[in-house]
Number of protein chains: 2
Amino acid sequence: MAYDGTDFSGFQRQPNQRTVQGVLEKALFKMTKGAAVTVHGSGRTDAGVHALGQVIHFDYPGNIPAENMLKALNSLMPLDTEILNSAIVPETFHAQFNTTGKRYLYKVDRGYYTNPFTRHYAGHYPYPLDLAKIKLALEDVKGTHDFTSFAASGGVIKNKVRTIYDAQVWTVPEQNQIQFEFYGNGFLYNMVRILVATLLEIGNGRRDVHDFLRLYEVKDRQQARGTAPASGLYLKKVYYESENSH
Amino acid sequence: MAYDGTDFSGFQRQPNQRTVQGVLEKALFKMTKGAAVTVHGSGRTDAGVHALGQVIHFDYPGNIPAENMLKALNSLMPLDTEILNSAIVPETFHAQFNTTGKRYLYKVDRGYYTNPFTRHYAGHYPYPLDLAKIKLALEDVKGTHDFTSFAASGGVIKNKVRTIYDAQVWTVPEQNQIQFEFYGNGFLYNMVRILVATLLEIGNGRRDVHDFLRLYEVKDRQQARGTAPASGLYLKKVYYESENSH
């Protein structure tokens with residue numbers, strides 16, 4: 001599914017907050033005429049973070065062809081969400097626990113002022129950037145590293161070693177943006193946004209090009225400091241065992 | 001100036017409504033420390049209609065270099081607006097009365113469901129379209145015609161003859177959109193949105209390809225019927241006498 005995260009307090013259900021899980025479960029509650037169906041997502045996204053390819057699963061108390069489920073949910077869900085595809089999966093499938101990887105996109109506006117049309121859909125960095133430096137730094141991001149310096153505090157996960165299979169940056173001149181993409185086996189809380197903030201500081205010359213190597217060693221969130229805004233972040237694709245990477 | 005029209009009740013100042021003119025005059029009120037400055041726009045845009053190149057003028061009670069005015073206004077204006085450029089103009093310049101033409105862009109999403117990311121930034125037409133038919137019809141739109149059938153009721157302007165210098169349609173496959181552009185010496189109230197609705201009906205085969213010729217004759221708004229949503233419409237450029245057309 002896709003969603004515009006702007007008006008959601010993130011993915012996860014919370015009392016008195018509009019969340020993606022909340023609107024999904026509300027739609028399913030209508031479909032079942034009152035049965036509580038719990039939705040499981042591949043992972044949470046924070047308030048303001050978007051999804052182009054979030055994956056969810058749920059146990060539906062009834063038999064509905066996948067195509068009809070797609071139509072029914074889209075007719076009941078709000079317009080800032082879209083169910084893109086649906087399938088009946090084996091009992092063993094779990095949207096969160098079976099993931100083998102995720103791909104995130106991050107958009108950065110390069111205009112001097114905030115762009116009125118993308119203020120909710122991109123971060124904003126008006127300062128000079130040397131893209132060659134960012135590309136060098138992205139080579140340090142790829143591979144298996146301890147990302148403790150790049151995890152927001154408050155996470156309960158002890159093991160902070162993750163593998164980044166691919167990390168790219170490119171320019172989109174007609175939109176005056178640069179965009180990042182990260183594909184890895186897993187990401188810690190706020191990790192992509194902290195990576196982007198650090199990469200922008202490297203591109204601006206405020207950090208050494210190879211500062212990532214030092215940050216992996218010190219394992220200290222205080223030294224990475226910045227967190228790029230939620231508005232620029234898109235969960236693009238979630239991978240599962242049965243798929244080849246693409 | 002540019003603005004995202006989503007959260008505005010149109011351009012024109014209205015009591016207890018958030019309007020573009022209203023936020024501009026509020027910013028100028030702050031700059032002058034309490035002098036009421038009236039802002040004149042090239043024309044109104046309706047609630048939800050966007051601008052990429054709206055032009056405004058005002059008489060400022062003081063001497064501020066144009067560049068400083070640009071910076072000061074952008075620092076005081078909300079983030080869904082952006083002043084793109086500023087100049088000190090002759091006393092004779094009037095943003096509304098001196099216009100020689102306007103250019104509008106209209107974006108139409110072609111997805112089956114509403115796209116969560118463009119629901120405020122495009123119209124939506126999921127039905128089949130024959131672009132060749134639309135292109136033929138656009139030939140009938142170009143030129144000087146009585147657009148009475150394409151003007152929303154309520155307008156006070158008697159003369160409904162306008163000249164359309166150029167009218168185009170093209171596809172943007174990577175965004176699954178078609179886009180229209182209209183360049184003319186003036187446009188009646190809701191005219192672009194009514195033109196687009198009629199063109200889509202022609203493309204869908206629900207009207208004769210040359211129905212425009214009949215609609216010019218009958219001078220009857222009831223026969224054009226549809227109005228495409230405000231969300232797809234962008235005031236792209238306003239032309240003045242001193243400029244060559246571009």
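## A friendly tour of a two-chain model

At 10% relative accessibility, A:Glu181 falls in the buried class. Please keep in mind as you look around that this model is predicted.

Let us stay with A:Glu181 for a moment. Its salt-bridge partner is A:Lys236, and the closest N and O atoms of the two are 2.8 Å apart. The pair ties together distant parts of the chain, with A:Glu181 in strand E10 (residues 177–184) of chain A and A:Lys236 in strand E11 (residues 233–240) of chain A, 55 residues apart. A:Lys236 counts as partly exposed, at 33% relative accessibility.

### Salt bridges between the chains

Over all chains, the structure holds 24 salt bridges. Two that involve B:Arg119 are set side by side here.

| Pair | N to O distance | Accessibility of the chain A partner |
|---|---|---|
| A:Asp4 and B:Arg119 | 2.9 Å | A:Asp4, 0%, buried |
| A:Asp7 and B:Arg119 | 3.6 Å | A:Asp7, 46%, partly exposed |

B:Arg119 itself is buried, with a relative accessible area of 15%. Why does its pairing with A:Asp7 join two chains? B:Arg119 lies in the loop between E6 and E7 of chain B, while A:Asp7 lies in the loop between E1 and H1 of chain A, so this salt bridge reaches from one chain to the other. Both pairs belong to a wider picture: A:Asp4, A:Asp7, A:Arg18, A:Asp80 and B:Arg119 are linked in a network of salt bridges.

### A charged residue without a partner

A:Lys160 makes a nice contrast. You will find A:Lys160 in the loop between strand E8 (143–146) and strand E9 (161–172) of chain A. A:Lys160 is buried yet has no salt bridge, and the nearest side chain of opposite charge, A:Asp146, is 7.5 Å away. A salt bridge needs the atoms to be within 4 Å. Setting aside residues up to four places away in sequence, A:Lys160 touches A:His145, A:Asp146, A:Phe147, A:Thr148, A:Ala151 and A:Leu188.

### Two helices that cross

How do H1(A) and H2(A) lie relative to each other? H1(A) and helix H2 (residues 66–76) of chain A pack at an angle of about 115°, and their axes are 9 Å apart. The two helices are therefore roughly perpendicular to each other. On the H1(A) side, the contact is made by A:Ala27, A:Leu28, A:Lys30 and A:Met31, and on the H2(A) side by A:Met69, A:Ala72, A:Leu73 and A:Leu76. The crossing of H1(A) past H2(A) is right-handed.

### Stops in chain B

Is B:Phe182 buried or exposed? With 0% relative accessibility, B:Phe182 counts as buried. B:Phe182 sits in strand E10 (residues 177–184) of chain B. Its contacts beyond four places in sequence include B:Tyr104, B:Leu138, B:Val141 and B:Leu199. Another of these contacts is B:Val192, ten residues from B:Phe182 in sequence and 7.7 Å away, C-alpha to C-alpha.

B:Thr6, in the loop between E1 and H1 of chain B, is partly exposed, with a relative accessible area of 25%. The C-alpha atoms of B:Thr6 and B:Ala47 are separated by 7.1 Å, although these residues are 41 residues apart along the chain. Leaving aside neighbours within four places in sequence, B:Thr6 is in contact with B:Gly48, B:His50, B:His120 and B:Tyr121.

### Two residues with positive phi

A:Lys33 is not a glycine, yet has a positive phi of about 55°. This exposed residue has a relative accessible area of 78%. B:Asn16, also not a glycine, has a positive phi of about 60°, and B:Asn16 is exposed, with a relative accessible area of 82%.

Definitions and conventions. Residues numbered from 1 in each chain as written. Chains lettered and ligands numbered in written order. Predicted model: local features only at pLDDT ≥ 70, side-chain atom pairs only at ≥ 80, totals over all residues. Heavy atoms only, no water. Buried < 20%, exposed > 50% of the residue type's maximum accessible area, 1.4 Å probe, protein only. Helix = DSSP H or I, 4+ residues; strand = E, 2+ residues; numbered from the N terminus. Lys, Arg positive; Asp, Glu negative; His and termini not counted. Contact = heavy atoms within 4.5 Å. Axes fitted to C-alpha atoms, helices over the stretch in contact; angles between N-to-C directions. Parallel < 35°, antiparallel > 145°, perpendicular 65-115°, else oblique. Left-handed = near helix turned anticlockwise from the far one by under 90°.
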